[in-house]
Amino acid sequence: MDKLLVEGPCKLMGSVEISSAKNATLPILVATILCPYPVKFTGIPDLMDVGTILKLMQSMGVKVERNLNDYVIDATSLTNQHADYLLVKTMRASVLVLGPLLARYGVASVSLPGGCAIGARPVDIHLSGLEKMGAHIEIENGYIKAKCDKLKGAVITFPFPSVGATENIMMAAVLAEGTTVIENAAMEPEIDDLADFLMAQGVKIEGSGTSRMIIHGMKINELKPSPWPYRVIGDRIEAATFIIAAIMSGGDVKVSGFNPDHLKFVLETLTKMGAQLEIGKDFIQIHPSQRLKGGTIETLPFPGFPTDVQAQMMALMSIVDGSSIVTETIFENRFMHVPEMIRMGSKITLKGNSALIEGVESLSGAPVMCTDLRASAALILCALIADGQTEIQRVYHLDRGYERIDEKLTKLGAKITRVKG
Ligand code: UD1
């Protein structure tokens, strides 16, 4: 297992280009299961999670051609509608194959993703939505066994705006008979990107990016390939991570290649805390600022503060003037970075789903362990500004969702060595 050695403190300077969003790339790659032709992509990020979803699709017979970050995905050769436990257990997003498989083939057998480091994360909202569309679903030996004659459009009201369930139902609805309405749909920009990808092929979707989405079902031969390779939107979470890294280091950094509107709440919070941000159309320029002051955040579905930036924000809050409060409302167990950050000198007290962070003067390097993707990002941020060396173990968590983060940070002036293991 690779580890990173980070020598701190450092001041980040220069510019960094953000990669395409992991959380949009995964559902969009899966959506090719609906397409009766090969689909071209450009700028697909080199991430472990992308490799995992493609491996899963290949195990079903999908053909994948790759030239660096350009891909051609051909699902016309898909012959097997089975998503095996061994692949699904490593990545919850694998459950997204359920909707498109059912819509196109009327059958799917997909392993239940099971628990994960950040909580139980059930898939009941996905399943009840598909049942409403006429699917017959049973859980057998740890697998979701689903079948249907033909999915039918329905009005589906989510009890919670689940990102994955919205995507699963959207994809299922494309080849369903009639119109599907999703009430209380998730509004994340990655969902909007999936809608754009589908609409580029002739699918009729109304209200994407709002809480009421309408998808008009069509026949498979009515889908038309787009003449251009599809490029997925920039990763707002990666962008937020670099913005926070730049602020923490007191540096001067331009973060480009994403839409700052996708980070409205994060940018407002950072500005309120004293960060000097220049907001462009597709970039943020971070200027050095005085030491920031504390803030308060509560994670919420989009457009609220993203849970995927909560850990990175706590890294920043560890070294501001005064105290801060973070409340996590999306996931039940998403403070695993806290014990590791405390080992580096952060002062954090947990109470239920809230954390009180008292800012300290500085952090100190220590051996630490990654536990999940965004927790790992928070640890690398702490390591950048800590005094001395931090040894970060289990960096495969980072490699799941950040494209070459160590190389990108090194270009900005960080001292990071990857030790292959
Ligand atoms: C997606 C993102 C993830 C992000 C999360 C919330 C991808 C690949 N992952 O995950 O990075 O942190 O959105 O913004 O896009 N829930 C249920 N039943 C369900 C579905 C969800 O109870 O059927 C609960 C989950 O346990 C969790 C909450 O709803 O507590 C949010 O989950 P959801 O929005 O579905 O997140 P994901 O799609 O898994």
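**Reasoning from values to terms**

Reader: Why does arginine 394 count as partly exposed or buried?

Author: In this predicted model, arginine 394 has a relative accessibility of 35%. Buried requires under 20% and exposed requires over 50%. The value of 35% lies in between, so arginine 394 counts as partly exposed. Arginine 394 belongs to the loop between E23 and helix H13 (396-401).

Reader: What is stated about phi of arginine 394?

Author: Phi of arginine 394 is near 60°, a positive value in a residue other than glycine. Asparagine 184 likewise has phi near 60°, again positive in a residue other than glycine.

Reader: What makes asparagine 184 partly exposed?

Author: The relative accessibility of asparagine 184 is 30%. Since partly exposed covers the range between 20% and 50%, asparagine 184 receives that term. Asparagine 184 sits in the loop between strand E11 (179-183) and H7.

Reader: How do you know that helix H7 is mostly covered?

Author: Helix H7 spans residues 189-199, and 8 of its 11 residues are buried. Each of these 8 has under 20% relative accessible area, because that is what buried means. Among them are Pro189, Ile191, Leu194 and Phe197.

Reader: Why is strand E7 described as largely enclosed?

Author: Strand E7 (residues 107-111) has 5 residues, of which 4 are buried, so the rest of the structure largely encloses the strand.

Reader: How do you know that E7 pairs with strand E6 and with strand E9?

Author: Two strands pair if at least two bridges are found between them. Strand E6 (residues 82-83) and E7 have 2 bridges, in the parallel sense, and histidine 82 stands opposite serine 109 in E7. Between E7 and strand E9 (residues 143-147) there are 5 bridges, and these strands run antiparallel. Both counts therefore meet the requirement of at least two. In E9, tyrosine 143 is the bridge partner of serine 111.

Reader: Why are E22 and E24 called edge strands?

Author: They belong to an open sheet of 4 strands with the order E22-E23-E1-E24 and mixed pairing. Strand E22 (367-369) and strand E24 (415-419) each pair on one side only, and this is the property of the edge strands. From one strand to the next, the twist averages 20°.

Reader: What makes E1 and E23 a pair?

Author: Strand E1 (residues 3-8) and strand E23 (residues 388-393) are joined by 5 bridges and run antiparallel. The requirement is at least two bridges, so E1 and E23 qualify as a pair. Leucine 5 stands opposite glutamate 391 in E23.

Reader: How do you know that aspartate 124 makes a polar contact with the ligand?

Author: A polar contact is a pair of N or O atoms within 3.5 Å. An N or O atom in the side chain of aspartate 124 is 2.6 Å from a nitrogen atom of the ligand, so this pair qualifies. The side chain of serine 162 likewise has an N or O atom 2.6 Å from an oxygen atom of the ligand. For aspartate 308, a polar side-chain atom lies 2.6 Å from a ligand oxygen atom. The ligand exposes 740 Å² when taken alone, and the protein buries 84% of that.

Definitions and conventions:
Residues numbered from 1 in each chain as written. Predicted model: local features only at pLDDT ≥ 70, side-chain atom pairs only at ≥ 80, totals over all residues. Heavy atoms only, no water. Buried < 20%, exposed > 50% of the residue type's maximum accessible area, 1.4 Å probe, protein only. Axes fitted to C-alpha atoms, helices over the stretch in contact; angles between N-to-C directions. Polar contact = N/O pair within 3.5 Å; in protein donor to acceptor, adjacent residues only side chain to side chain. Areas by Shrake-Rupley, 256 points an atom, 1.4 Å probe, with all protein chains shown as cover.
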